[in-house]
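Here is a short session of questions and answers on empty space and a ligand. Each answer sets a value against a rule and draws a conclusion.

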Amino acid sequence: MKPGGPWPGVIETYREFLPVTDETPVITLREGNTPLLPAPAVQERIGLPIPLYLKYEGANPTGSFKDRGMTMAVSKALEEGQRAVMCASTGNTAASAAAYAARAGIESIVVLPVRYIAMGKLAQSVMHGARVVAIEGNFDDALRIVLAITSNYPVQLVNSLNPYRIEGQKSGAFEICDALGDAPAYQAMPVGNAGNITAYWKGYQEYYAAGVSRRRPKMLGFQAEGAAPIVRGHPIADPQTIATAIKIGNPASWKSAEAARDESGGLIETVTDDEILEAYRLLSSTEGVFVEPASAASIAGLAKLVREGYFQREMEAGLPEDACAVAILTGHGLKDPDRAIASAAEPIEAEAEADKVAEILGLRRPALV
Ligand SMILES: *Cc1c(COP(=O)(O)O)cnc(C)c1O
């Protein structure tokens, strides 16, 4: 599947699975090809009975998986002669749209719920030259506004309702299968607007249909307890969670997320903010992988399923010899530095003297023999 030489980005690598032609101008930041890391420490700590891998999407060019979809959406917008793209965003879609639009030499407009956006994401949007519209409201309000504008003005919608976003994002599933030699038995991920679970399931289905992989995973999706419309079965008017990337009350891809869950024999469940923060600290302190809070919902969710006996039941029902779980870590920890500082120990204060610092640290010189 993969050509030789330096990684050319998602479109060139998976061209045969994507709706592009030789005429499509490829706008890429060489996204994709992110690490699939074994996570033995987290596996042991949460008591998962099968190997765990982390798909570290924070390693994408703008620090989240959104780049996989944005390379497609912006390339196709350019192909169709559009000169501006627009999105509603909790931050990462905006950062990615702004970067790819800058690279394509077109305009980007992003509508953000200003009170709930992580600083790193806002910094990216402004640096890439997006026109930033900050609204008093939440993501669902922002999306409503953007849908109204993009259907009435010559501006291309690049939220995940844009089918090219989903097309690009399915490349994450391809990479996992390429790396493991087959699909994993389970895939865990956060669910917000539900485009990504839709995209991953589509990718797994297509690789299976093409005979590249021999099985499909059970899709395990996790929503924050205060923002769990799919789990509750109705929209949430005022969603609440510290995981701002999944602070969404009325997901655009609701139906296809349910289809991914049901067709795969998986589930969509809730995790609390406390469980998310615990997983957030666990990942960074034991595996060296720093993610934003929404991403930690994958691990919080797996931990919850272990506690509830889910994997025990699965094992009794019979698992393949080489079964493993992959957790999608959707975004980089540096996106939301305020949350990290607020949830970790304070630095130790000391005078600028080596002896004083050593004393405070409780260090002793080795005895001479
Ligand atoms: C966008 C995003 C999500 C949610 O993905 P959906 O496709 O909206 O379900 C989760 N985590 C991060 C870091 C994101 O940027």
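**Spaces and the ligand**

Helices H4 (92-104), H7 (163-169), H9 and H13 each give at least two residues to the lining of the largest cavity. The model is a predicted one.

Q: What makes a residue such as Phe65 part of the lining of the largest cavity?
A: A lining residue has an atom within 4 Å of a grid point of the space. The largest cavity has 29 such residues. Phe65, Lys66, Gly192, Asn193 and Ala245 lie nearest its centre.

Q: Which helix gives the largest share of that lining?
A: The largest share comes from H9, with 3 residues.

Q: How do you know how the lining of the largest cavity divides by class?
A: Gly counts as polar, and Asp, Glu, Lys and Arg count as charged. On that rule the lining has 11 nonpolar, 15 polar and 3 charged residues.

Q: How much space lies in the largest cavity, and what takes up that space?
A: About 330 Å³ lies in the largest cavity. The ligand takes up this space. A molecule sits in a cavity if more than half of its atoms lie within 2 Å of the grid points.

Q: What makes the pair between Asn193 and the ligand a polar contact?
A: The cut-off is 3.5 Å between N or O atoms. A polar backbone atom of Asn193 is 2.8 Å from an oxygen atom of the ligand. The pair is within the cut-off, so it is a polar contact.

Q: Which backbone atoms of Gly195 and Asn196 pass that test?
A: For Gly195, a backbone N or O atom lies 3.2 Å from a ligand oxygen atom. For Asn196, a backbone N or O atom lies 2.8 Å from a ligand oxygen atom. Both values are within 3.5 Å, so both pairs count.

Q: How much of the ligand's accessible area does the protein cover?
A: On its own the ligand has 390 Å² of accessible area, and the protein covers 97% of it.

Q: What makes a residue count as near the ligand, and which come nearest?
A: One of its heavy atoms must lie within 4 Å. The ligand has 17 residues around it, and Lys66, Asn92, Asn193, Asn196 and Thr330 come nearest. By class, this shell has 7 nonpolar, 8 polar and 2 charged residues. Helices H9 (195-209) and H13 (293-307) each supply at least two of the shell residues.

Q: Why is one space called a pocket and another a cavity?
A: A pocket is an open set of points, whereas a probe in a cavity cannot get out. The largest pocket has a volume of about 230 Å³. Its lining includes Arg45, Glu275 and Arg307. H12 gives the largest share of that lining, 5 residues.

Q: What classes of residue make up the lining of the largest pocket?
A: The lining has 6 nonpolar, no polar and 5 charged residues.

Q: How many cavities of 30 Å³ or more does the structure hold?
A: There are 2. The second largest has a volume of about 40 Å³. Among the residues that line it are Thr90, Tyr116 and Lys247.

Conventions: Residues numbered from 1 in each chain as written. Predicted model: local features only at pLDDT ≥ 70, side-chain atom pairs only at ≥ 80, totals over all residues. Heavy atoms only, no water. Polar contact = N/O pair within 3.5 Å; in protein donor to acceptor, adjacent residues only side chain to side chain. Areas by Shrake-Rupley, 256 points an atom, 1.4 Å probe, with all protein chains shown as cover. 1 Å grid on protein atoms, 1.4 Å probe; cavity = no way out; pocket = protein on both sides within 12 Å on 5 of 7 lines; lining within 4 Å. Helix = DSSP H or I, 4+ residues; strand = E, 2+ residues; numbered from the N terminus. Points joined across faces, edges and corners; volume = space filled by probe spheres on them.
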